[in-house]
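Please open the structure in your viewer and keep the sequence beside it. This tour moves from the whole chain to one residue, and then to an empty space inside.

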Amino acid sequence: MSDSVEQTLPNAALVLDDEAQIGTMVCKVLSLVGIAAQHFTDPVAFLVEIKRSQPPMVVLDLALGQSDAVDVIRKLDVLKYPGMVLLISGRDEATLAEIERIGRSHGLWMAPSLRKPFRAAELKARLHAVTRPEQSHPDNARAPAAEAPAAPVDLGAALQQRWLEVWYQPKIDLRTLAVCGAEALIRARLPKHGVIQPVDLLPPAGDPLYRPLSVFVAQRTMADWGVLANAGYPLKLAINMPASVLNAPGFVDVVRKLLPATPAFPGLIVEVTEDEIIRDPDWIHEVAMQLRLCNVSLSIDDFGSAYASLSRLKDMPFREIKLDKTFVSNCGADKLKRALCQTVVALAHQFGAIACGEGVETADDLRCLTELGFDTAQGYLFAKPMPLEPFMEFLAKAHHGPVCEVPPTAPTLQSAATS
């Protein structure tokens, strides 16, 4: 048993990364674990703000154009910065570890470093149970401990106690504004704490519990598809699947056996995140071909979050690209985001794939995606994820008209809604 004291997560952070898109993505991941983040590309402005606001946490990329993390670490030492320092980089772990050691030698409170890209669950796992350097010193033995947060949810216990549920978020066809599918999303309902979100439930990538979790999600989703089909809604459903699980011997056979043996089954979508796909393109190509033979297609999820070149995806056997919410949000007003959306649509359609926008929350962004030629969309503008029964009620109501109201200034959407 560790004798470290688990810390509450910081509530705010400053991020220093000289690449704007990467910094934006890092801020997004921080926000998913409840940390309000502000991004800087200029080390000088970053250090000025640290001196002014004394944030509880800073996040540093290693290479910073004309500067670097070591230089910033020295300046943080001069400022006697008392908060947590997290290093992030796409470089090797040995380099991260060495610069982390340099930070500790300057008396800074260094959190375990993270390689980019990373997920919210990985970030949360690193930040929990981090001990301040002075807490282990004998002179501080009587110092009052920080108030510990509620214990994290144990996925193994949730599986064993049958606390897991599968909820569904509708996917909308932008030509008709009708429901064309849904994404299956995991939730846990604890007896004392209510519904638990994935960020508080899922372990770090590669955890062996992902296999039984993935089997559960696939089984439940296919069983629910039968219920939906019997009610007149034979929708195409999507499940999220870690690459480590898909790569496990025999798992494609598990998926194959769960698929309904009926001509009405429209197929299943397996969503794999972009960062996992680009790590082993040869392997993912083989698995995707196996899945395709049993009417299962591959979707690249969270597209744009792994900092990969678009050219690296030209040989990927995907049937869908889901553009990450970070780039969809405010795309109606942000010219750079609009241009990126346009690029993604062109890439998807060039390879005969569907372009889906994630995280649509405003009518302006919906109008932008539609004008650019996106095929489908998901987001709170249409509906939040919900259990099966409320989802079926939603489908019954959506059957009688478009799933959302659109402003009069959106003629394309108006014509689609009335077609």
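Helices and strands are here DSSP runs, of at least four residues for a helix and at least two for a strand, and they are numbered from the N terminus. Counted in this way, the protein, which is a predicted model, has 16 helices and 17 strands. With everything selected, note that 47% of the 419 residues count as buried, and that the accessible surface comes to about 20100 Å², with 53% of this belonging to carbon and sulfur atoms.

Next, select residues 178-190, which form strand S10, and find Glu183 within that strand. Is Glu183 buried or exposed? Its relative accessibility is 5%, and because buried means under 20%, Glu183 counts as buried. Now show the side chains of Glu183 and Asn240, which make a polar contact with each other at 2.8 Å. If you leave aside neighbours within four places in sequence, Glu183 is in contact with several other residues as well, among them Trp167, Tyr168, Glu271, Lys322 and Gln378.

For the last stop, turn to the 1 cavity of 30 Å³ or more that a search of the whole structure finds. To see its lining, select Ala288, Arg292, Val296, Ser297, Leu298, Pro317 and Arg319. Helix H11 (281-293) and strand S14 (296-303) are the elements that each give two or more residues to this lining, and the largest share, 3 residues, comes from S14. If you colour the lining by class, you will find 4 nonpolar, 1 polar and 2 charged residues.

Notes
Residues are numbered from 1 along each chain as its sequence is written. This is a predicted model: local features need pLDDT of at least 70, side-chain atom pairs count only at pLDDT 80 or more; totals for chains, interfaces and linings use all residues. Side-chain values use heavy atoms; hydrogens and water are left out. Buried means under 20% relative accessible area, exposed over 50%, partly exposed in between (1.4 Å probe, protein chains only). A polar contact is a pair of N or O atoms within 3.5 Å; within protein, one must be able to donate a hydrogen and the other to accept it, and residues adjacent in sequence count only if both atoms are side-chain atoms. Contact means heavy atoms within 4.5 Å. Accessible areas come from the Shrake-Rupley method with a 1.4 Å probe; for residues, only the protein chains shown count as cover. On a 1 Å grid over the protein atoms alone, a cavity is a set of points where a 1.4 Å probe fits but cannot get out, and a pocket is an open set with protein on both sides within 12 Å along at least five of seven lines; lining residues have an atom within 4 Å of a point. Grid points are joined across faces, edges and corners, and a volume is the space filled by probe spheres set on the points. Ala, Val, Leu, Ile, Met, Phe, Trp, Tyr, Cys and Pro count as nonpolar, Asp, Glu, Lys and Arg as charged, and the others, Gly among them, as polar.
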